[in-house]
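Trainee: Could you take me through the nonpolar core of this protein and show me how the rest of the chain sits around that part? I would be glad of the cut-offs as well.

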Amino acid sequence: QKSIEARVIAVNDGDTVTLVMNNREYRTRLIGLDAPEMGQEPWGEKAREHLRKLLKENHWRVSVETDIEEYDKYNRLRVCLRTNDNTLINERMLLDGFAVLFTIQPNSKYVDRFVKAQRFARQKKIGIWGPDGLKERPVDYKKKHPRE
C-alpha cells in the first residue's frame, strides 16, 4: 500500500480525524485501536487532546496508509497515520495509554506492533491502564449508548 500525504483539519475524538488529501475531505477512523468515547470522561477528552497534540507537533501533516478494507460501516476511511519522523500515530495512542487494541479483520497489518504497544502501556499502568483509568471498554460503553 502506498502512502499519501494529507493534512489533518479536525480531531473528532481519540480515534477519528478529518483530513484533506488529493484536495478531498475524508472522515477517517484510525485502524487497530478504540479510544474512549467522548462520554467516558475524563478519558474521551484526554484521548482526543493527546491525538491533537501528536498531530499538532507535526504541523497537522501526516502520511496516510490504508489496509485491505478501506471503509468502515459509517463510510469513514480506515487509516494508519504516520508523522514525518515515521512515528505510527495509531501505535503511539496505544503505547501512551489513550486507547485499547481493536482489530477488525482483515485490517491487521500492524497488529503485532499494536499488541506490544498495549501490553507495554498496561504493564507500566499508563493512561487508561492507571489506577484512575478507564472503567469500561469503549465497545461496552457504545453498546449502552448507541448512536442515534
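Mentor: Happy to; here is the core, with the chain as background before it and some backbone details after it.

A word on the model comes first. It is predicted, so local features need pLDDT of at least 70 and side-chain atom pairs count only at pLDDT 80 or more, while totals for chains, interfaces and linings use all residues. Residues are numbered from 1 along each chain as its sequence is written, and side-chain values use heavy atoms, with hydrogens and water left out.

Now the background. The protein chain holds four helices and seven strands (DSSP runs numbered from the N terminus, with H or I of at least four residues for a helix and E of at least two for a strand). Along the sequence their order is β-β-β-β-α-β-β-α-β-α-α. The radius of gyration is 14 Å, close to the 15 Å from the globule rule for 148 residues, so the chain is as compact as a globular protein of that length. That radius is taken over C-alpha atoms, and the rule is 2.2 Å times the number of residues to the power 0.38. The C-alpha atoms fill a box of roughly 45 × 35 × 30 Å along the principal axes. Of the 148 residues, 47% count as buried; buried means under 20% relative accessible area, exposed over 50%, and partly exposed in between, with a 1.4 Å probe and protein chains only. Taking contacts (heavy atoms within 4.5 Å) between residues at least 6 apart in sequence, 61% join residues at least 24 apart.

On to the core itself. A nonpolar core is a set of buried Ala, Val, Leu, Ile, Met, Phe, Trp, Tyr and Cys residues joined through side-chain atoms within 4.5 Å. The largest one here has 34 residues, and Leu19, Leu55, Leu81 and Met93 touch the most other members. At least two core residues come from each of strands E1 (4-13), E2 (16-21), E3 (24-30), E5 (61-65) and E6 (77-82), and from each of helices H1 (43-56), H2 (89-95) and H3 (111-123). H1 gives the largest share, five residues. In soluble globular proteins, nonpolar side chains tend to be buried together.

Two of those leucines deserve a closer look. Leu19 lies in strand E2 and is buried, with a relative accessible area of 0%. Leaving out residues up to four places away in sequence, the contacts of Leu19 include Ala6, Val8, Ile9, Tyr26, Val62, Val64 and Leu81. Ile9 is 10 residues from Leu19 in sequence, and their C-alpha atoms are 5.3 Å apart. With that same sequence limit of four places, Leu55 touches Val8, Val11, Val17, Trp60, Val62, Leu81 and Ile89.

Finally, some backbone details. Most residues other than glycine have a negative phi, and most peptide bonds are trans. Asn22 has a positive phi near 50°, and Asn23 has one of about 60°. Asn22 sits in the loop between E2 and E3, as does Asn23. Asn22 is exposed at 57% relative accessible area, and Asn23 is exposed at 79%. The Glu41 to Pro42 bond is cis, with omega near 0°, and Pro42 is in the loop between strand E4 (32-34) and H1. The Gln105 to Pro106 bond is cis too, with omega near 5°, and Pro106 is in the loop between strand E7 (100-102) and H3.
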